[in-house]
Amino acid sequence: MSNERQNLTHLDAEGRASMVDVGDKAVTHRTAEARARVRMAPETLAAITEGRMPKGDVFAVARIAGIQAAKRCSDLIPLCHPLPLTSVSVDIEADVSLPGVTISTRCRVTGQTGIEMEALTAASVAALTIYDMCKAIDRGMSIEGVELVSKEGGASGDWRRGDSC
């Protein structure tokens, strides 16, 4: 097997997809933060912040969707382990300079594997929910910059965007 394949933890010795065995890993506190942006027309952003969207409170529904998505991450991403999340937060802020919204998520777990995918999934699904709730008035919205912001804990240690990018 090539050195490149050895570094891919989701491949077995024959190169087939495989779920990583985390049974022997130490249980540690782990945290991950992610973000996403939804760019939209200024009029759409105004309708959201002024509470004029026909489907209701866009931020409240997107926040709940993001939390649910983090909890269901292993159902969506085939090789993710189901994790006993201890905390999920989804914050959404209007940004008139974008114009649009910035979604920030934070997930925590005490477990044997990382929680980055849960934070990224929460941000992604919250962004998709905002699109869904606003598409009737603005089909030109775009979801941008879905990215991991930081992770803490685990064998690989802490990481923060900008430290190694």
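**Group meeting: helices, sheet and core of a predicted model**

Good morning. I begin with helix α2, where Pro-42 and Glu-43 are exposed on the side away from the buried residues. Please keep in mind throughout that the structure on the screen is a predicted model.

Which residues of α2 are buried? They are Thr-44, Leu-45, Ala-47 and Ile-48. Viewed down the helix axis, the buried residues of α2 fall within an arc of 160 degrees, and therefore they line one face of the helix. Those buried residues pack against α3, β2, β3 and α5. After α2 comes Gly-51, which has a positive phi, near 70 degrees.

I turn now to α3. This helix has 14 residues, and the distance from its first C-alpha to its last is 20 Å, close to the 20 Å expected at 1.5 Å a residue. At the start of α3, Asp-57 places a side-chain oxygen within 3.2 Å of the backbone nitrogen of Phe-59. The buried residues in α3 are Val-58, Phe-59, Ala-62, Ala-65, Gly-66, Ala-69 and Ala-70. Because these residues cover an arc of only 135 degrees around the axis, they lie on the same side of α3. Ile-64 and Lys-71, by contrast, are exposed on the other side of α3. The cover over the buried residues of α3 includes α2, α4 (73–76), β2, β3 and α5.

Next, the sheet. In what order do the five strands stand? The sheet is open, the order is β2-β3-β1-β4-β5, and the pairing is antiparallel. β2 and β5 (159–160) are at the edges with a single partner strand each, so one side of each has no neighbour in the sheet.

Let me go through the pairs, following that order. Strand β2, residues 85–95, and strand β3, residues 100–111, are joined in the antiparallel sense by 10 bridges. Within this pair, Ser-87 has Arg-108 of β3 as its bridge partner. The two strands β2 and β3 make a hairpin, with four residues between them. Pro-99 belongs to the loop between β2 and β3, and the peptide bond from Leu-98 to Pro-99 is cis, with omega near -20 degrees.

The pairing of β1 with β3 is antiparallel and extends over 12 bridges; here Val-38 has Val-101 of β3 as its bridge partner. Between β1 and β4, which also run antiparallel, there are eight bridges, and Arg-39 faces Ser-142 of β4. At the far end of the order, strand β4, residues 142–152, pairs with β5 in the antiparallel sense over two bridges. Lys-151 stands opposite Trp-159 of β5 in this pair.

One residue of β4 deserves a comment, namely Ser-150. Is Ser-150 buried or exposed? Its relative accessible area is 3%, and Ser-150 is therefore buried. Beyond its neighbours within four places in sequence, Ser-150 is in contact with Thr-31, Ala-32, Glu-33, Trp-159 and Arg-160.

I come finally to the interior. The largest nonpolar core contains 33 residues. Val-38, Met-40, Val-58, Ile-92, Val-101, Ile-103 and Ile-130 have the most contacts inside this core. Two or more residues come from each of β1 (28–39), α2 (42–49), α3 (58–71), β2, β3 and α5 (116–134). The largest share is that of α5, with nine residues.

Which residues does Ile-103 contact, leaving aside neighbours within four places in sequence? The list comprises Ala-34, Arg-35, Ala-36, Val-38, Val-90, Asp-91, Ile-92, Ala-123, Ala-126, Ala-127 and Ile-130.

Ala-36, one of the residues in contact with Ile-103, is located in strand β1. Its relative accessibility is 0%, so Ala-36 counts as buried. Not counting residues up to four places away in sequence, Ala-36 touches Val-101, Thr-102, Ile-103, Ala-123, Ala-127, Glu-144, Gly-145 and Val-146. In addition, the C-alpha atoms of Ala-36 and Leu-120 are 8.4 Å apart, although 84 residues separate the two along the chain.

In closing, I return to two points. The order β2-β3-β1-β4-β5 describes the open sheet, and α5 gives the largest share of the largest nonpolar core. Thank you for your attention.

Terms used:
Residues are numbered from 1 along each chain as its sequence is written. This is a predicted model: local features need pLDDT of at least 70, side-chain atom pairs count only at pLDDT 80 or more; totals for chains, interfaces and linings use all residues. Side-chain values use heavy atoms; hydrogens and water are left out. Two strands pair if DSSP finds at least two bridges between them. A nonpolar core is a set of buried Ala, Val, Leu, Ile, Met, Phe, Trp, Tyr and Cys residues joined through side-chain atoms within 4.5 Å. Buried means under 20% relative accessible area, exposed over 50%, partly exposed in between (1.4 Å probe, protein chains only). Contact means heavy atoms within 4.5 Å. The expected span of a helix is 1.5 Å times one less than its number of residues. The arc is that of the directions from the helix axis to the C-beta atoms. A polar contact is a pair of N or O atoms within 3.5 Å; within protein, one must be able to donate a hydrogen and the other to accept it, and residues adjacent in sequence count only if both atoms are side-chain atoms.
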